[in-house]
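Ready to practise reading a protein model? Work through the exercises below with the sequence and the 3D view at hand, and try each task before you read its solution.

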Amino acid sequence: VTATAPGSFRNAAQTETDITDSTPDATDQLDKALRIFVYLPSKDMFEAFYLREFANRILGRRSASTMLERHVIAKLKGLCGTQLTKQLEGILRDLDTSSEQTEAFRGLLRDR
C-alpha cells in the first residue's frame, strides 16, 4: 500500500467503512493477495519481508493509508493469528502515540 503522490495520504480519523467505500478496488486487491498467503510454504520468509516493507512504508510516510494497513493486519490476524500481527500493531500504535505527542507539543509551542 504505497502512496503515488503526497496528496494521496488519507486522514487518520477515517473509519474502516470510509476506506472500503472509497477504495473498493484497493481492498479487493488486498483481499485477493492475502488469499495467496494461505498457500505460502514459508510464512516466516513472508513475515520477515512484510515486516521490513511495512516498517519502511510507515516510517517513510509512503503508505497510502494507515486504515488500509490496518485492514491488511486484521486480515493477516484472521489467517495466521496474533504472532505476526503483534509487531505490526505495535508499530502502528507507536506511530499513533508519536503523532499525538507531537501534536500536543506543537500545541504547547503555539500557546507560548
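**Exercise 1. Place D31 in the chain and find its contacts.**

Solution.
- Step 1: Begin with the element: D31 sits in helix α2. Keep in mind that this is a predicted model.
- Step 2: Decide whether D31 is buried or exposed. Its relative accessible area is 19%, and buried means under 20%, so D31 is buried.
- Step 3: Look for contacts, leaving aside neighbours within four places in sequence. D31 is then in contact with H71 and K75.
- Step 4: Follow the contact to H71, whose place is in helix α4. H71 is buried too, with a relative accessible area of 9%.
- Step 5: Compare sequence and space. H71 and D31 are 40 residues apart along the chain, and their C-alpha atoms are separated by 9.3 Å.

**Exercise 2. Describe the chain as a whole.**

Solution.
- Step 1: Count the elements of secondary structure. There are five helices and zero strands, which gives the pattern α-α-α-α-α along the sequence.
- Step 2: Turn to burial. Of the 112 residues in the chain, 27% are buried.
- Step 3: Consider the surface. About 7600 Å² is exposed, and carbon and sulfur atoms supply 54% of that area.
- Step 4: Check how far contacts reach along the sequence. Take contacts between residues at least 6 apart: 69% of these join residues at least 24 apart.

**Exercise 3. Which residues of the largest nonpolar core touch the most other members?**

Solution.
- Step 1: Recall a general tendency: in soluble globular proteins, nonpolar side chains tend to be buried together.
- Step 2: Find the residues. The largest nonpolar core has 14 residues, and those touching the most other members are Y50, F54, V72, L76 and L88.
- Step 3: Find the elements behind this core. Two or more residues come from each of α2, α3, α4 (66-80) and α5 (82-111).
- Step 4: Zoom in on L88. Not counting residues up to four places away in sequence, L88 touches Y50, L51, F54, I73 and L76.

**Exercise 4. Explain why the rings of F46 and Y50 count as stacked.**

Solution.
- Step 1: Start with the total, which is three aromatic pairs.
- Step 2: Use the geometry. The ring centres of F46 and Y50 are 5.6 Å apart and their planes meet at 15 degrees. Ring centres must lie within 6.5 Å to pair, and planes under 30 degrees apart count as stacked, so F46 and Y50 form a stacked pair.
- Step 3: Relate this to the helix. F46 and Y50 are four residues apart in helix α3, so about one helical turn separates them.
- Step 4: Repeat the test for Y50 and F54. Their ring centres are 6.1 Å apart with planes at 20 degrees, so this pair is stacked as well. Y50 and F54 also lie four residues apart in helix α3.
- Step 5: Add burial: both Y50 and F54 are buried, with Y50 at a relative accessible area of 11%.
- Step 6: Put the rings together. Ring pairs link F37, F46, Y50 and F54 into a cluster.

**Exercise 5. Locate the nonpolar surface patch that includes V38.**

Solution.
- Step 1: Name the members. V38, Y39 and L79 make a patch of about 340 Å².
- Step 2: Place V38, which lies in the loop between α2 (24-37) and α3 (43-59).
- Step 3: Classify V38. Its relative accessible area is 45%, which falls between the 20% and 50% cut-offs, so V38 is partly exposed.

Note on methods
Residues are numbered from 1 along each chain as its sequence is written. This is a predicted model: local features need pLDDT of at least 70, side-chain atom pairs count only at pLDDT 80 or more; totals for chains, interfaces and linings use all residues. Side-chain values use heavy atoms; hydrogens and water are left out. Patches are made of residues with over 30% relative accessible area and no salt bridge: like charges are joined within 9 Å, nonpolar side chains (Val, Leu, Ile, Met, Phe, Trp, Tyr) within 5 Å. Accessible areas come from the Shrake-Rupley method with a 1.4 Å probe; for residues, only the protein chains shown count as cover. A salt bridge is a side-chain nitrogen of Lys or Arg within 4 Å of a carboxyl oxygen of Asp or Glu. Buried means under 20% relative accessible area, exposed over 50%, partly exposed in between (1.4 Å probe, protein chains only). A nonpolar core is a set of buried Ala, Val, Leu, Ile, Met, Phe, Trp, Tyr and Cys residues joined through side-chain atoms within 4.5 Å. Contact means heavy atoms within 4.5 Å. Rings of Phe, Tyr and Trp (its six-membered ring) pair if their centres lie within 6.5 Å; planes under 30 degrees apart count as stacked, over 60 as edge-to-face and the rest as tilted.
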